[in-house]
Every structure is written in structure tokens, then in C-alpha cells.
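Here is a note for a colleague who is opening this structure without having seen it before. The points below go through it one topic at a time.

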Amino acid sequence: MSKAREFISPSDLTFSWDNCHRCLWLYYNHGLKAPSFFPLVGELSALQEGHFSSATSKDLHPDIPEGKVIGKGGWVKSTPIPFNGSPSPFAIRGKYDLLMEFTDGTYGIIDCKFQGKDNDKSDFYSPQLEAYAFSLENPASDQPKKVSVLGLLVWSPKRPVGNPSSGFNLELNSSWFPIKRNPAALQTRLTEFISMVSGPTPVRDTACESCKFISERREIFGSE
């Protein structure tokens, strides 16, 4: 059966993988995806990316190695992903937030996050950022770029400031959470991911609200 998708999105290695595999299988095999709604996420991310366009490391955080932002919101596409010793039918394609070039000639992927609390979620996002790094180091075109730094630049609300006359602003916390490179863990996740989407339909996840809605709707309306 031909796949509805031939590219793996880096974000699907985190959010989608941690949720219902049946829904993920349907998306990659039939292009069927439940609608999602994340108010303000895109707008806030664009504000962060725009604010740091062409910024130097010290403008982002003092713990980031010396360098500067050379790209924002850029697309990457990899060569075919290795699977059981051979190239698979899948490649990685996605859009990073910020790309940095350091003085030693290496590069970094910075993921901008706007969170309700100043929490370290680097373990959760590690596969996603490793996937961007894989694409930069194994590009479908252009020259490979060695990636030395991955991390999350997190903004979180601190307090409102201002008044009705001057206007209101939101004061923010800003934190840097580096992610240790772990290509082996990414390859394990990719192997599990490709095995799942290439295999039989997974059983319904009883905790999945989308599957529950579809099942109960079918009980009410039948097969219309």
C-alpha cells in the first residue's frame, strides 16, 4: 500500500507519538487527521522568532556558545532514514525556529517555546530537535552542517505591567534549556515510528478522545 505521507514531521516524534498510535497510523497511511486548535501558539512563536532574527548568542542567553542567528522558520529535508540497515521510504521534513552559526563553524537549533510555566521539557522535545539536526547533517540537498547545540529558549509569563493610560505589557521569564545530543535515541524512535506506521492498524486507544468520538458517532448514526 502506498503511503499518504512519505515525510516524517519532527513534531510527530513527540506530541503525536506520545498520543494515540491509531490516529497517527491513519494520518501516515490515509492522510486522515483530527482537527486541532492551539490558540496563540503560532502568533507567539512568530513573535519570538522575529525578535531574535539576526541576534547574537548574548542576545538570546549567556550560556549559548558565541555565534549568531542566521535563519528563522526555515525548512529542512533529510536523505532517506535508515531502517534495519537499509534506506527507508521515509525522510524527515520540518521547519525549525532558529538556526545559529557558531564561531567554531558548527551550528545550533534553537526551539522557541512560550509556556505557562518555566518548566524544563528538554527530554520531551529531544527527538524533535534531534530530527532537525539529522536533516541538517544528512540533507537531501545542499552541504551538510555539523550541529553542536540543541536547546529550548522558553518564555513564560511573569506579571503584567503598565496602566490604562500607557498601555499594558506582559513581563516574561526567559530560560535556556540545553539538550544533549543523542542520535542513537533518535534512531530508536524512528525505527519504532516507521515500524508502527508500516505495520497493521494499531488497536484503538481507550484514552483517545478522537477515537472515542468516532466510535460513539458510528454507534448513533451507523455507517453513513
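1. A word on terms comes before the details: helices and strands are here DSSP runs, of at least four residues for a helix and at least two for a strand, and they are numbered from the N terminus. With that in hand, Asn-138 can be placed in the loop between H4 and strand S9, the latter covering residues 147–163. The model is a predicted one, and the points that follow should be read with that in mind.

2. To stay with Asn-138 for a moment, its relative accessibility is 30%, so it counts as partly exposed. Leaving aside residues up to four places away in sequence, Asn-138 touches Lys-77, Ser-78 and Thr-79. Glu-101, which is 37 residues from Asn-138 along the chain, has its C-alpha atom 17 Å from that of Asn-138.

3. As for the protein as a whole, its secondary structure comes to six helices and 10 strands, and its C-alpha trace spans about 60 × 50 × 25 Å along the principal axes. Of the 224 residues, 40% are buried. Among contacts with a separation of 6 or more, 65% are made by residues 24 or more positions apart.

4. Helix H4 deserves a closer look. This helix runs over residues 122–137, which makes 16 residues, and the distance from its first C-alpha to its last is 21 Å, close to the 22 Å expected at 1.5 Å a residue. A bend of about 30° is nevertheless found in H4 at Gln-128. Because 13 of its 16 residues are buried, H4 is largely enclosed by the rest of the structure.

5. Helix H6, at residues 209–221, can be checked in the same manner: its 13 residues should span 18 Å at 1.5 Å a residue, and the end C-alpha atoms are 18 Å apart, which agrees. Just after H6 comes Gly-222, whose phi is positive at about 75°.

6. How many aromatic pairs does the structure hold? There are seven of them. One is formed by Tyr-27 and Tyr-28, with 5.4 Å from centre to centre and 80° between the planes, an edge-to-face arrangement; both of these tyrosines are buried. Tyr-27 and Tyr-28 also belong to one aromatic cluster together with Trp-17 and Phe-193.

7. Another aromatic pair is that of Phe-124 and Tyr-125, whose ring centres are 5.0 Å apart and whose planes meet at 80°, so this pair is edge-to-face. The two partners fall into separate accessibility classes: Phe-124, at 27% relative accessibility, counts as partly exposed, whereas Tyr-125, at 7%, counts as buried.

8. Two lysines are placed over aromatic rings. The charged end of Lys-33 sits over the ring of Tyr-27, at 4.7 Å from its centre, and Lys-145 lies over the face of Tyr-107, at 5.7 Å from the ring centre.

9. Why do Cys-23 and Cys-208 not count as a disulfide? The sulfur of Cys-23 has its closest cysteine sulfur in Cys-208, at 3.6 Å, which is too far for a bond, since a disulfide requires two cysteine sulfur atoms within 2.5 Å. Seen from the other side, Cys-208 likewise has its closest cysteine sulfur in Cys-23. The structure accordingly holds zero disulfides. Cys-23 is partly exposed, at 23% relative accessibility, and Cys-208 is buried, with a relative accessible area of 10%.

10. A last point concerns backbone angles. Most residues other than glycine have a negative phi. Against that background, Ser-54 has a positive phi of about 65° although it is not a glycine; Ser-54 is found in the loop between helix H2 (41–51) and helix H3 (57–60), and with a relative accessible area of 51% it is exposed. Asn-84, which is not a glycine either, has a positive phi of about 55°. Asn-84 lies in the loop between strand S4 (82–83) and strand S5 (86–87), and at 65% relative accessibility it counts as exposed.

Technical notes. Residues are numbered from 1 along each chain as its sequence is written. This is a predicted model: local features need pLDDT of at least 70, side-chain atom pairs count only at pLDDT 80 or more; totals for chains, interfaces and linings use all residues. Side-chain values use heavy atoms; hydrogens and water are left out. The expected span of a helix is 1.5 Å times one less than its number of residues. The bend at a residue is the angle between axes fitted to the seven residues ending there and the seven starting there. Buried means under 20% relative accessible area, exposed over 50%, partly exposed in between (1.4 Å probe, protein chains only). Rings of Phe, Tyr and Trp (its six-membered ring) pair if their centres lie within 6.5 Å; planes under 30 degrees apart count as stacked, over 60 as edge-to-face and the rest as tilted. A charge sits over a ring if NZ of Lys or CZ of Arg is within 6 Å of the ring centre and within 35 degrees of the ring normal. Contact means heavy atoms within 4.5 Å.
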